[in-house]
Amino acid sequence: MSSDNLEKAQAEGKYIRKVRSFVKREGRLTKGQAAALERSWPTMGLTHNQGLLNLTEVFGREAPTVLEIGFGMGRSLVAMAKAAPEKNFIGIEVHRPGVGACLLEAEAAEVSNLRVYEHDAVEVLADCIADGSLATVQVFFPDPWHKKRHHKRRLIQPEFVDLLRKKLAIGGVLHLATDWQNYAEHMLEVMQAAPQWRNLSADNTYVPRPEERPLTKFEQRGERLGHGVWDLKFERIA
């Protein structure tokens, strides 16, 4: 259904079920996570109802901005922000315990170049992120929805990839990573079919794990067990 038809149906009071790329699993906040939310949300939290961001105002400077979608517990996002103080970082995560854990980690690392959303990424991108404003978008280990009947719920789909392209500056990079080979193949297929991108892989497939993406404990364990991880990097060329 096109966006025009969707808007028309909604205006007529018809209920349209939006496909979600995530399952809202609230979980329980630990005391540490709750305390970090209370302390750091006023300075690091962003809300969808703020509308379109002025990144210079949000960070108090002009700098390349990296956006991560689905940062989990935030450990690698905080590590990247700590390692690249010359860049701005924005994380989006729908699960509150993960947001709390990320803020707790950010406090411990004493990073000031990170802001976070607790909201659906599609709505944040559509309403809060200006076109052409991002240097990098990263999506690491999204839910693989490995059952075939659930593949339509996978985040990396042609329509979503085109939305990401519009938010990146020309020359900006989309960095994807997954530990499911079937999803890696799906990602590569979607990206190769998408117009106005250039694959940064030497052989037009996957790239070696870039140094800036921290190796997670989960990934280290997977490597010991012989499990693969696939990274893709595509540059917006138009």
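**Exercise 1.** In this predicted model, determine whether lysine 167 is buried or exposed, and describe its surroundings.

*Solution.* Step 1: the relative accessible area of lysine 167 is 6%. Step 2: buried means under 20% relative accessible area, so lysine 167 is buried. Step 3: the residue belongs to helix H7, which covers residues 158-167. Step 4: setting aside neighbours within four places in sequence, the contacts of lysine 167 are Leu125, Ala126, Ile129, Ala130, Asp131, Gly132, Ser133 and Leu134. Step 5: for Leu125, one distance can be added, since a polar atom of the lysine 167 side chain lies 3.2 Å from the backbone oxygen of leucine 125.

**Exercise 2.** Establish how the axes of H4 and H5 are oriented relative to each other, and state which residues make the contact.

*Solution.* Step 1: the two axes come within 9 Å and cross at roughly 30 degrees. Step 2: angles under 35 degrees count as roughly parallel; H4 and H5 are therefore roughly parallel to each other. Step 3: the crossing in which H4 passes H5 is right-handed. Step 4: H4 contributes Arg75, Leu77, Val78 and Lys82 to the contact, while H5 contributes Cys102, Glu105, Ala106 and Ala109. Step 5: sorted by character, the residues of this contact comprise five nonpolar and three charged, with no polar ones.

**Exercise 3.** Locate proline 85 in the chain and identify its contacts beyond four places in sequence.

*Solution.* Step 1: proline 85 is found in the loop that joins helix H4 (75-83) to strand E3 (88-92). Step 2: once neighbours within four places in sequence are left aside, proline 85 is in contact with Arg61 and Asn113. Step 3: a C-alpha distance is also available for leucine 114, 29 residues away along the chain; its C-alpha atom is separated from that of proline 85 by 9.5 Å.

**Exercise 4.** Give the position, phi and accessibility class of glutamate 110 and of asparagine 204.

*Solution.* Step 1: glutamate 110 occupies the loop between helix H5 (96-109) and strand E4 (114-117). Although glutamate 110 is not a glycine, its phi is positive, at about 55 degrees. Step 2: its relative accessibility is 70%; exposed means over 50%, so glutamate 110 counts as exposed. Step 3: asparagine 204 lies in the loop between strand E7 (197-199) and helix H9 (217-224). Its phi is near 65 degrees, again a positive value in a residue other than glycine. Step 4: the relative accessibility of asparagine 204 is 42%; because this value falls between the 20% and 50% limits, asparagine 204 counts as partly exposed.

Terms used: Residues are numbered from 1 along each chain as its sequence is written. This is a predicted model: local features need pLDDT of at least 70, side-chain atom pairs count only at pLDDT 80 or more; totals for chains, interfaces and linings use all residues. Side-chain values use heavy atoms; hydrogens and water are left out. Helices (H or I, at least four residues) and strands (E, at least two) are DSSP runs, numbered from the N terminus. Buried means under 20% relative accessible area, exposed over 50%, partly exposed in between (1.4 Å probe, protein chains only). A polar contact is a pair of N or O atoms within 3.5 Å; within protein, one must be able to donate a hydrogen and the other to accept it, and residues adjacent in sequence count only if both atoms are side-chain atoms. Contact means heavy atoms within 4.5 Å. Axes are lines fitted to C-alpha atoms, for helices over the stretch in contact, and angles run from 0 to 180 degrees between N-to-C directions. Angles under 35 degrees count as roughly parallel, over 145 as roughly antiparallel, 65 to 115 as roughly perpendicular and the rest as oblique. A crossing is left-handed if the near helix is turned anticlockwise from the far one by less than a right angle, and right-handed if clockwise. Ala, Val, Leu, Ile, Met, Phe, Trp, Tyr, Cys and Pro count as nonpolar, Asp, Glu, Lys and Arg as charged, and the others, Gly among them, as polar.
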